[in-house]
Amino acid sequence: MNEFTLPLIITSVSGIQLSLRLLTEQDIPVLMDLERSAHSHPWRQSSFEDCLKGRQRCWLAEHNHNLVGYVVVTHGGGDAELLNISVLPKFQRKGIGSCLLQHAIECVRGYADMLFLEVRVSNRKAIELYSKEGFFEVGHRKNYYPTANGNEDALLMASQL
Ligand SMILES: CC(C)(COP(=O)(O)OP(=O)(O)OC[C@H]1O[C@@H](n2cnc3c(N)ncnc32)[C@H](O)[C@@H]1OP(=O)(O)O)[C@@H](O)C(=O)NCCC(=O)NCCS
């Protein structure tokens, strides 16, 4: 067993019982609904399908068997990257994002020295979450993300594992 084949994890956040498990192919339609509800520029379905092979992994958070969030993380060459984290809008600000992020950190600890991520400079909620969980700014990528009427910069952040 490695860090990506851990068994089902049951936890409780703000009184909400959550189970964490890996994505399967059958989850993808519901996952895409959440992805579209949480992002102005959602991932393509094929990006989640990539999580079913290789080193990229998507962990789902479910409450009463309903998907409420997910996190995508990968590692290689001594570094790790957080690729996506999303919480269903009506379940936000209840600690589920922190729970998923802490879980992603535990998954790559021991396989990498640093966990990196990119975030839109306008995404204050996510930047607050990452800062609270120990990430710090390491750079910018100019015009990295598309917006409705142009582009915006990415903030690069990292956390020592
Ligand atoms: C970013 C996101 C994953 C956070 O998930 P969440 O479950 O709401 O986060 P939590 O409840 O665990 O919040 C943890 C901390 O993040 C920060 N935070 C979360 N929501 C916030 C908000 N609306 N305003 C300010 N800070 C916020 C706070 O520091 C919070 O701690 P606190 O509640 O003790 O003050 C969620 O807002 C989301 O899915 N957003 C859309 C998708 C997205 O932007 N993903 C990131 C892509 S890089």
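The shell around the ligand, if we sort its residues by chemical character, divides into eight nonpolar, seven polar and six charged, and I should say at once that what we are looking at is a predicted model. There are 21 residues in that shell, and the ones that come nearest to the ligand are Ile85, Arg93, Gly95, Gly97 and Asn123.

Let me turn to the polar contacts, taking three of them one by one. At Asn123, an N or O atom of the side chain lies 2.7 Å from an oxygen atom of the ligand. At Lys94 it is the backbone that takes part, with a polar atom there 3.1 Å from a ligand oxygen. At Gln92 we return to a side chain, where a polar atom is 3.4 Å from an oxygen atom of the ligand. As for how covered the ligand is, on its own it would expose 910 Å², and the protein buries 79% of that area.

Where, then, does the ligand sit? It is found in the largest pocket, and the elements that each supply two or more residues to the shell around the ligand are strand S5, at 79-87, helix H3, at 96-108, strand S6, at 114-120, and helix H4, at 124-132. Helix H4 gives the most to that shell, namely six residues.

Now for the pocket itself, which has a volume of about 1,300 Å³. Its lining is made up of 37 residues, and those closest to the pocket centre are His39, Ile85, Asn123, Ala126 and Tyr130. Ile85 and Asn123 you will remember from the residues that come nearest to the ligand, and Asn123 also from its side-chain contact with a ligand oxygen.

Which elements give two or more residues to the lining? They are helix H1, at 28-38, then S5, H3, S6 and H4, and finally strand S7, at 136-147. Whereas H4 gives the most to the shell around the ligand, it is S5 that gives the most to the pocket lining, with seven residues. Sorted by character as we did for the shell, the lining residues divide into 17 nonpolar, 10 polar and 10 charged.

Notes
Residues numbered from 1 in each chain as written. Predicted model: local features only at pLDDT ≥ 70, side-chain atom pairs only at ≥ 80, totals over all residues. Heavy atoms only, no water. Near = heavy atom within 4 Å. Polar contact = N/O pair within 3.5 Å; in protein donor to acceptor, adjacent residues only side chain to side chain. Areas by Shrake-Rupley, 256 points an atom, 1.4 Å probe, with all protein chains shown as cover. 1 Å grid on protein atoms, 1.4 Å probe; cavity = no way out; pocket = protein on both sides within 12 Å on 5 of 7 lines; lining within 4 Å. Sits in = over half its atoms within 2 Å of the grid points. Helix = DSSP H or I, 4+ residues; strand = E, 2+ residues; numbered from the N terminus. Nonpolar A, V, L, I, M, F, W, Y, C, P; charged D, E, K, R; others polar. Points joined across faces, edges and corners; volume = space filled by probe spheres on them.
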